[in-house]
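Me: Please take a close look at one part of this model, the sheet, and describe how its strands are paired and what surrounds them. I would welcome one connected account rather than a list.

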Amino acid sequence: MVEPEDPAPRGPVILFDAECVLCCANARFVLRRDRAARFRLASVQTGIGAEICRRHGIDPADPVTMLVVDGARVRRDSDAVLFIYEQLGFPWRLAGALRLVPTKIRDAAYRWVARHRYRLFGRRESCWVAPAEYRDRIL
């Protein structure tokens, strides 16, 4: 007996805070520039996004990081951001040069921005909804 194919695209899943203006801007940026449609996105405010967060030790009610889940591999903090940009191709992959900065320093900067993101960039009254042409890439 043949198993039915899963119609959902495979690839890394980016978990982001759909109430955060900065996070939503990044989600739009990735969707527009990911020409290979490699990434799928999930808001931590959705059922599936919240479940994935909890599975990886993140409280979806107070997300302190962005996660990129790629099979068994989970990236967070600055590693998640750099992985995403490296996968988008030129010129965005040049962000990978920031890997020369020690992880401890990169993650400290990331966490500072993450803690202050609502104050610095704002908080949406309602969750961001992806445009129709990208909805097949949103979980």
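Reply: What follows goes through the sheet strand by strand and then turns to the loops and to the chain as a whole.

The model is a predicted one, and local features are described only where pLDDT is at least 70. Its sheet is open and is built from 4 strands in the order E2-E1-E3-E4, with mixed pairing. Strand E2 (40-43) and strand E4 (73-76) are the edge strands, each of them pairing on one side only. From one strand to the next, the twist averages 20°. As general background, strands of a sheet pair through backbone hydrogen bonds, and they may do so in a parallel or an antiparallel sense.

It is convenient to begin at the E2 edge. E1 and E2 are paired in the parallel sense, with 4 bridges between them, and Phe16 stands opposite Ser43 of E2. Although E2 is an edge strand, both of its faces are covered, since Arg40 and Ala42 on one side are buried, as are Leu41 and Ser43 on the other. Arg40 deserves a separate word within strand E2: its relative accessible area is 13%, which is under the 20% limit, and therefore this arginine counts as buried. The side chain of Arg40 reaches the backbone oxygen of Gly11, at 3.4 Å.

Helix H1, made up of residues 21-33, lies across E1 and E2, and the helix runs at about 160° to E1. The loop between H1 and E2 contains Arg35 and also Ala37. Arg35 has a relative accessible area of 74%, over the 50% limit, and so it counts as exposed. The C-alpha atom of Arg35 is separated by 9.2 Å from that of Gly89, a residue 54 positions away along the chain. Ala37 has a phi near 55°, a positive value in a residue that is not glycine, and with 30% relative accessibility it counts as partly exposed, because this value falls between the 20% and 50% limits.

Moving on through the sheet, strand E1 (residues 13-16) meets strand E3 (residues 67-70) in the antiparallel sense, over 3 bridges. In this pairing, Val13 stands opposite Val69 of E3. Strand E3 is in turn joined to E4 by 4 bridges, and these two strands also run antiparallel; here the bridge partner of Val68 is Arg75 in E4. E3 and E4 form a hairpin with 2 residues between them, and in its turn Gly71 has a positive phi of about 65°. The mixed character of the sheet can thus be followed pair by pair, with the parallel pairing of E1 and E2 beside the antiparallel pairings of E1 with E3 and of E3 with E4.

Beyond the E4 edge, attention passes to helix H3 (77-87). Asp77 is found in this helix, and it has a positive phi of about 55° although it is not a glycine. With 4% relative accessibility, under the 20% limit, Asp77 counts as buried. In the loop that lies between helix H3 and helix H4 (103-121) one finds Pro91, and the peptide bond that joins Phe90 and Pro91 is cis, with omega at about 5°.

The sheet can now be placed in the whole chain, which has 4 helices and 4 strands and follows the pattern β-α-β-α-β-β-α-α when read along the sequence. The radius of gyration is 15 Å, close to the 14 Å that the globule rule gives for 139 residues, so the chain is as compact as a globular protein of that length. The C-alpha trace spans about 50 × 35 × 30 Å along its principal axes. Of the 139 residues, 40% count as buried, and of the contacts between residues at least 6 apart in sequence, 66% join residues at least 24 apart. The accessible surface comes to about 8,400 Å², of which 57% belongs to carbon and sulfur atoms.

Conventions:
Residues numbered from 1 in each chain as written. Predicted model: local features only at pLDDT ≥ 70, side-chain atom pairs only at ≥ 80, totals over all residues. Heavy atoms only, no water. Pairing = 2+ DSSP bridges. Axes fitted to C-alpha atoms, helices over the stretch in contact; angles between N-to-C directions. Contact = heavy atoms within 4.5 Å. Buried < 20%, exposed > 50% of the residue type's maximum accessible area, 1.4 Å probe, protein only. Polar contact = N/O pair within 3.5 Å; in protein donor to acceptor, adjacent residues only side chain to side chain. Rg over C-alpha atoms; globule rule 2.2 N^0.38 Å. Areas by Shrake-Rupley, 256 points an atom, 1.4 Å probe, with all protein chains shown as cover.
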